Amino acid sequence: MRIFTATLSTETNTFSAIPTGWSCFEEAGIERGRTGVTRNGTGGLMHLWGQMAEADGHSVFHSVAANAPPAGRTVRAVYEALRDEIVADAAAEGPFDVALLFLHGAMVADGYDDCEGDLLQRLRAVLGPDTIIGVELDLHCHLTAAMLENANAIITFKEYPHIDAGKRGRELFRLCVDAAAGQTRPVMGLFDCKMVNMYPTTTAPMAAFVAEMQDQEGRDGVLSLSLSHGFPWGDTADSGARMLAVVDGDQARAAEMARRFGERFWALRHAVTEPGLTIDEALDAALAAPPGLAVIADKADNTGGGAPGDSTFVLKRVVERGLTGVGIAPMWDPVAVRFCHDAGPGARLALRIGGKAGPESGDPVDLTVTVRALSDELVQWGLGSPSVLGRAAWVEADGVHVILVERRIQAFSPELFTKMGLSLEALRIAVVKSTAHFRAGFAPVASLIVTTVGPGTLLEDYGAIAYERRPGDYWPRVEDPFAGA
Ligand SMILES: [Zn+2]
C-alpha cells in the first residue's frame, strides 16, 4: 500500500489577542517529510506511522508537519499556505491507498471557522473517493459535518492529560489499513451532547467513562469510540462536546452507538465537572496543606488553552500577602528574560514582571529581584516529548521565586524549577500555569493539588462565554438544551 501522512495542528482561542502567524509555527518547528520527520518533534505521529508502515512493507510519503502553540486565530495567508502545500503534495505524489493526518480539530483561521473540514474537503478532492482518509484529533476539538463527510475514520485522544496520542495513532493506522485492504468498511455516527466545559479524565467518573468506551471497542462491530470534549474558548457554530462512533458497515448502528454513549455522558455532566477556587481560597488551601509541596494550578492563564502565560494575578496576591517559599512557573516575559541575561547571574535589579499581553494578564508587578540563575535553553519533559521554553531566568524577591521564560509553553514538569537549580524542598507552594497537563509531572511530588479559576483569559463561567457564532442551546447556559428538541 501507499500511505500519505501530514500534520497541521494548532488550538485556536478565538478570544485571544495573540495572532498565530509564521513565527508561532516556526517556533514549534515545521518539518517536511522529504527531509525527515523526528520522533519527538512536530511530526512525531508521522514518524510513528512511518515505522508501522515500514514494518508492514508499505511505502510512505510524509508531507508537511506544522504545529503552533495555542493562541488566537491563525493568519489567513499562513493557514492557506500550509494547507495548499499539503494538498499539492497529495496531488503530486498520489495515488494513495491511505492518508493519515494529525490535525488539532479546533483550528480557526481568518475566514475559516473549520480549518480541518476545509483541508479534508480539498484533500478528498485530489485523493479521490477510494483513498481511506483517517484523522487523529485532540479531544479539545469541534467535530463538524465537513470533517465527517470527507474522512473515513476519525479518532480523538481519550485522555486529558493527553497521554495517549501514540496509542490512538496506532489504532488509527490499523483501522485505516484494514479498511483499505477491504476487511472493514468504517462509517461514522455523531451525537451532539450540547455541553461546554472541561473534563479531565483523571477524576473517577471520567476515567470510568473512558474505560466504558474502550470496553465497547472491538465488540458489536464498533471499531472506535471518541468523545470530543470541545474547546470552550473557540467560538464556532460547532463548539461543544460531541460523541463519535466508528462502526463497521452499519450507518444506523453508528448513529445509535454515538447516541447511547453521548446520552450516557450527558447524564454525567454534574459529576464530571468540578468548581475551582478563587486565588485567595487556593492560597489558603495550600498554606493549610500537609507538609511537602502544595501545587496551585493557575488554569485561567494556561498557554495550552491560548492564554498569554504572563498574568500576574496570583503573583500579586502572593506578594501582597507576604508569602514566602512560593515558586511560580512558567511566566512568559521575553523582555524580562533579556534584562536578566544582560544583567547576569547574581545581579540585583528592579524588574517589571508580566502583565504585558493584554488586560486579561493583569498589571505588571514591579519587584526588586536577585537573578538566581540563567538558562540558555530550558527544557521540560511533557506528554512524551521535550518541550522547549527558550532562554529562562530564575529570579527571587524575598522568598518569592519566578521562572521567567521566552516561549509560551504551559507547565508540564517540576523540571521547570529543578533544572534552573531551584530545589522543590525550598518551596512550600508551586504555582503552575496549566489546567490539567501538569498533573502527570507534579502529582508524584505534591502533598496537595488545587486549582484556581483566575481572573485571567480562560474564564470558567462557561454559561457566560461571549459567543457570537456558537448558538446558546448548551449546558450550562441553559439547564436542558434538549428540551423541546
Ligand atoms: Zn487538548
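Visitor: Which domains does the domain assignment give for this protein?
Guide: The assignment, which is automatic or taken from a database, gives domain 1 (2-267) and domain 2 (279-459). Their contact, meaning heavy atoms within 4.5 Å, takes 18 residues from domain 1 and 20 residues from domain 2. The centres of domain 1 and domain 2, taken over C-alpha atoms, are 32 Å apart. This is a predicted model, in which local features need pLDDT of at least 70 and side-chain atom pairs count only at pLDDT 80 or more, while totals for chains, interfaces and linings use all residues. Residues are numbered from 1 along each chain as its sequence is written, and side-chain values use heavy atoms, with hydrogens and water left out.

Visitor: Why does the second largest pocket lie where it does with respect to domain 1 and domain 2?
Guide: Both domain 1 and domain 2 give residues to its lining, so this pocket lies between them. A pocket is an open set of points on a 1 Å grid over the protein atoms alone, with protein on both sides within 12 Å along at least five of seven lines, and lining residues have an atom within 4 Å of a point. The second largest pocket holds about 320 Å³, and among its 19 lining residues Phe15, Ser16, Glu360, Gly456 and Thr457 lie nearest its centre.

Visitor: What makes a space a cavity, and how many of 30 Å³ or more are counted here?
Guide: In a cavity a 1.4 Å probe fits but cannot get out, and by this rule the count comes to 1 of 30 Å³ or more. The largest cavity has a volume of about 40 Å³, where a volume is the space filled by probe spheres set on grid points joined across faces, edges and corners. Its lining consists of Met198, Trp233, Lys299, Thr435, Leu458, Glu460 and Tyr462.

Visitor: Why do β2 and β6 count as edge strands of the sheet?
Guide: Strands are DSSP runs (E, at least two residues), numbered from the N terminus, and two of them pair if DSSP finds at least two bridges between them. The open, mixed sheet has 6 strands in the order β2-β3-β1-β4-β5-β6. Since β2 (31-32) and β6 (153-156) each have a single partner strand, one side of each is left without a neighbour in the sheet.

Visitor: How do you know that β1 and β3 pair, and in which sense?
Guide: β1 (residues 2-9) and β3 (residues 59-67) are joined over 7 bridges, set against a requirement of at least two, and they pair in the parallel sense. Within this pairing, Phe4 stands opposite Phe61 in β3.

Methods:
Helix = DSSP H or I, 4+ residues; strand = E, 2+ residues; numbered from the N terminus.
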